[in-house]
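Student: I would like to work through this structure piece by piece. Please show it to me, and then I will ask my questions.

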Amino acid sequence: MTESLKRPPAAATASTPAPSPVVGTTLEAHLMEGMRGTPGASGEFTSLVNALALSVRIIHNRVRAAGLAGMLGYTGETNVQGEEVQKLDEFANEVLCSVLERSGRCAVVASEELEEARVLGGSGQYVVCFDPLDGSSNIDVNISIGTIFCVLRALPPPAPAGSLDGLLQTGRQIVAAGYSIYGSATTLVLSTGQGVHGFTLDPGVGEFFLSHPNIRCPARGGTYSVNEGNFTRWDEPMRKWVTWIKSDDKAQGLPYGHRYVGSLVADAHRTLLKGGIFAYPADKKSPGGKLRLLYEANPMAYLFEQAGGAGTNGVDAILDIKPKTIHDRTPLVLGSKHEMGVFREFMLGTR
Ligand code: FDP
């Protein structure tokens, strides 16, 4: 049985100890093993995760052909965040909505590209939040972009079927989260609450294979990732931290190297695998932070916690924040335990 894909809540289900996941196992086989190892599993959760993986494969296909298929560039419309919508964003959003709807497993979705939550109907017991195409300003310049998602249980009766309140639960209620990165390879990084695993797509056979079993975020890294163009817009603790982390002090392991792609999936993926810290803090332009709680910060924070790292708003855990609306924003800091602790001290003024 593969421990990683047992359906939550794990504590409620007795199971035998899990063998290590085997590199090269297909995602489908991995999911099936998880389902078989979960007494009482109906297959609904497995089927929902399969629908998400299918969506990612379809989006991958279009991203790879974007230049040829005339999908680059803007549609001329703006989304609910006031940003210009690109053709691939629209395509990715419609793929996720229609594949999830056809799966019959998802009651409601919240998407970066939809002003309101969309009720998908059916008897779905889950709700899904997603950013269909993250890092969209990088599409036209051939830099890694991705899809980010998380799954929560729909609220049980007496909440009405399709209740939108299921979307406004804290990240602690997440039962699965992941992201795909359309980079030099397409990789799907996934957690169902029992660790984090990465699957790489073999485009020749159209299948995801386990390539990164049991991902652990190193306890300490050597890079920081932040848009330093915002320096003059930051508050004093943030400026102090950045000045410190690039100062020359060998005894403290300084300076750190700087890496910033400007696609959350790419910056988070590097930080998850290699350690260090990523920060998108509040600034004068975005006083509440720029990134979105439900479909960017929550899935990433969940994955980092699962991998032994952390995800905060600088001080408090992202997963403890109660959302007020589906498009709430938050400052977001992700990374290794060590760097996250130091960052927090700077924010609290104790360092
Ligand atoms: P983008 O605007 O290209 O969609 O989701 C927002 C996001 O990208 C993240 O992917 C990325 O981390 C961040 O914004 C980049 O913002 P800056 O350009 O302000 O650095």
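Student: Which residue of β4 is the bridge partner of V108?

Tutor: This is a predicted model, where local features need pLDDT of at least 70, side-chain atom pairs count only at pLDDT 80 or more, and totals for chains, interfaces and linings use all residues. Residues are numbered from 1 along each chain as its sequence is written, and side-chain values use heavy atoms, with hydrogens and water left out. Strands are DSSP runs of E with at least two residues, helices are runs of H or I with at least four, and both are numbered from the N terminus. In β4, V108 has as its bridge partner V119.

Student: How many bridges join β3 to β4?

Tutor: Two strands pair if DSSP finds at least two bridges between them. Strand β3 covers residues 106-111, and β3 and β4 run antiparallel. The number of bridges joining them is two.

Student: What is the strand order of the eight-stranded sheet?

Tutor: Strands of a sheet pair through backbone hydrogen bonds, either parallel or antiparallel. Here the sheet is open and its pairing is mixed. The order is β4-β3-β5-β6-β7-β8-β9-β10.

Student: Why is one side of β4 and of β10 left without a neighbour in that sheet?

Tutor: Look at the ends of the order. β4 (118-119) and β10 (207-212) stand at the edges. One side of each has no neighbour in the sheet, because each has a single partner strand.

Student: How many residues of β7 are buried?

Tutor: Buried means under 20% relative accessible area, exposed means over 50%, and partly exposed lies in between, with a 1.4 Å probe and protein chains only. Strand β7 covers residues 174-182 and is largely enclosed by the rest of the structure. The buried count is nine of the nine.

Student: Which residue of β7 stands opposite I148?

Tutor: Start with the pairing. Strand β6 (residues 145-153) and β7 pair in the antiparallel sense over eight bridges. Opposite I148 in β7 stands Y179.

Student: Which residue of β8 stands opposite G178?

Tutor: β7 is joined to strand β8 (residues 186-191) by six bridges, and the two run antiparallel. They form a hairpin, with three residues between them. Opposite G178 in β8 is L190.

Student: Are α1 and α2 roughly parallel or roughly antiparallel to each other?

Tutor: Axes are lines fitted to C-alpha atoms, for helices over the stretch in contact, and angles run from 0 to 180 degrees between N-to-C directions. The axes of α1 (residues 27-36) and α2 (residues 44-64) come within 10 Å and cross at roughly 165°. Angles under 35 degrees count as roughly parallel, over 145 as roughly antiparallel, 65 to 115 as roughly perpendicular and the rest as oblique. Therefore α1 and α2 are roughly antiparallel.

Student: Which residues of α2 make the contact with α1?

Tutor: Contact means heavy atoms within 4.5 Å. From α1 come L27, E28, L31, M32 and M35. From α2 come T46, V49, N50 and A53.

Student: How many residues of α6 are buried?

Tutor: Helix α6 covers residues 293-306 and is mostly covered. Among its buried residues are L293, Y295, P299 and F304. The buried count is 12 of its 14 residues.

Student: At what angle does α6 run to β17?

Tutor: β17 belongs to the open sheet with the order β12-β11-β13-β17-β15. α6 lies across β15 and β17. The angle to β17 is about 25°.

Student: Is G314 buried or exposed?

Tutor: G314 is found in the loop between β15 and β16 (329-330). Leaving aside neighbours within four places in sequence, G314 is in contact with V333, F343, R344 and M347. Its relative accessible area is 3%, so G314 is buried.

Student: Is N142 buried or exposed?

Tutor: Find N142 in the loop between β5 (126-134) and β6. N142 has a positive phi of about 60°, although it is not a glycine. With a relative accessible area of 76%, N142 is exposed.

Student: Which peptide bond is cis, with omega near 0°?

Tutor: Go to the loop between α4 (236-245) and β12, where P255 has its place. The cis bond runs from L254 to P255.
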